[in-house]
Amino acid sequence: RTVSLPFTTTTVNIETRTTSDGDRWETPTWTPVQSAVPATVSSPSPSDRSTSQGDQEQIDMVLHVNPGVAVTRLDRVTDLTLGEVYDVLWVTTRIGFGLDHTRAGLRRVVGIGA
């Protein structure tokens, strides 16, 4: 039997990238996949992970959602509590102890040229 995550700290919207011809330089459009999904967005290690280059900062986080939530690599996730938007870099499923869940690596770049 699978149990939901024992706690969540936010809700997120998940959107998938859609472009007309696959041109990587084209500004993508986004199509909603799921809205107001209970989730936790946390740092990937005991300390926040961010790197700065000049006027840009890159913030890496990890998304935790219940199994069955549709999230895939290259999607976009919006943390509805903080209003922060992240790109999804990877997705994996964690199974065990009745706490099955999906994890996704997130990245947000802020600053000039982001």
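Author: Start with a definition: a residue is buried under 20% relative accessible area, exposed over 50%, and partly exposed in between. The model discussed here is predicted.

Reader: Why is Arg107 called partly exposed?

Author: Arg107 has a relative accessibility of 27%. Buried needs under 20% and exposed needs over 50%. The value of 27% lies in between, so Arg107 counts as partly exposed.

Reader: What makes Arg107 and Asp60 a salt bridge?

Author: The closest N and O atoms of Arg107 and Asp60 are 2.8 Å apart. The cut-off is 4 Å, between a side-chain nitrogen of Lys or Arg and a carboxyl oxygen of Asp or Glu. The pair is within that limit, so it is a salt bridge. It links distant parts of the chain: Arg107 sits in strand E7 and Asp60 in strand E4, 47 residues apart.

Reader: Why is Asp60 called buried?

Author: Asp60 has a relative accessible area of 11%. That is under 20%, so Asp60 is buried. Its partner Arg107 is partly exposed.

Reader: How many salt bridges does the whole structure hold?

Author: A search finds three. One of them joins the side chains of Arg76 and Glu15, with N to O at 2.9 Å. Arg76 belongs to strand E5 and Glu15 to strand E1, so this pair ties together parts that are 61 residues apart in sequence.

Reader: What puts Arg76 and Glu15 in their exposure classes?

Author: Arg76 stands at 21% relative accessibility. That is not under 20% and not over 50%, so Arg76 is partly exposed. Glu15 has 15%, which is under 20%, so Glu15 is buried.

Reader: How do you know that Glu84 and Arg108 form a salt bridge?

Author: Their closest N and O atoms are 3.3 Å apart. The limit is 4 Å, so the pair qualifies. Glu84 in strand E6 and Arg108 in strand E7 are 24 residues apart, and the pair links distant parts of the chain. Arg108 has 19% relative accessibility, under the 20% limit, so Arg108 counts as buried.

Reader: What makes Thr78 a buried residue, and what does Thr78 touch?

Author: Thr78 has a relative accessible area of 16%. The limit is 20%, so Thr78 is buried. Thr78 lies in strand E5. Leaving out residues up to four places away in sequence, Thr78 touches Thr11, Val12, Asn13, Glu15, Glu84 and Val85. Among these contacts, Glu15 is a salt-bridge partner of Arg76, and Glu84 is a salt-bridge partner of Arg108.

Reader: Is Thr29 buried, exposed or partly exposed?

Author: Thr29 has 46% relative accessibility. That is neither under 20% nor over 50%, so Thr29 is partly exposed. Thr29 is placed in strand E2. Its C-alpha atom is 8.5 Å from that of Thr16, 13 residues apart along the chain.

Reader: How do you know that E1 and E2 pair?

Author: Two strands pair when at least two bridges are found between them. E1 and E2 share eight bridges, so they pair, in the antiparallel sense. Ile14 stands opposite Gln34 in E2. Gln34 is also among the residues that Ile14 touches, along with Val33, Val37 and Val77.

Reader: What joins E2 to E4?

Author: Four bridges do, and the strands run antiparallel. At least two are needed, so E2 and E4 count as paired. Val41 has Leu63 in E4 as its bridge partner.

Reader: Which residues have the most contacts inside the largest nonpolar core?

Author: They are Val12, Ile14, Val41, Leu63, Val77 and Leu106, in a core of 16 residues. Strands E1, E2, E4, E6 and E7 each supply at least two residues of this core. E4 gives the most, with four.

Reader: What does the chain look like as a whole?

Author: The protein chain has seven strands and zero helices. Buried residues make up 29% of its 114 residues. Among contacts between residues at least 6 apart in sequence, 55% join residues at least 24 apart. The accessible surface is about 7200 Å², and 51% of that belongs to carbon and sulfur atoms.

Reader: Where is confidence lowest, and where is it highest?

Author: Lowest is strand E3, residues 49-53, at a mean pLDDT of 59. Highest is strand E5, residues 76-79, at 97. The chain averages 83, and 77% of the residues score at least 70.

Methods: Residues numbered from 1 in each chain as written. Predicted model: local features only at pLDDT ≥ 70, side-chain atom pairs only at ≥ 80, totals over all residues. Heavy atoms only, no water. pLDDT = per-residue confidence, 0-100. Core = buried A, V, L, I, M, F, W, Y, C linked by side-chain atoms within 4.5 Å. Buried < 20%, exposed > 50% of the residue type's maximum accessible area, 1.4 Å probe, protein only. Contact = heavy atoms within 4.5 Å. Areas by Shrake-Rupley, 256 points an atom, 1.4 Å probe, with all protein chains shown as cover.
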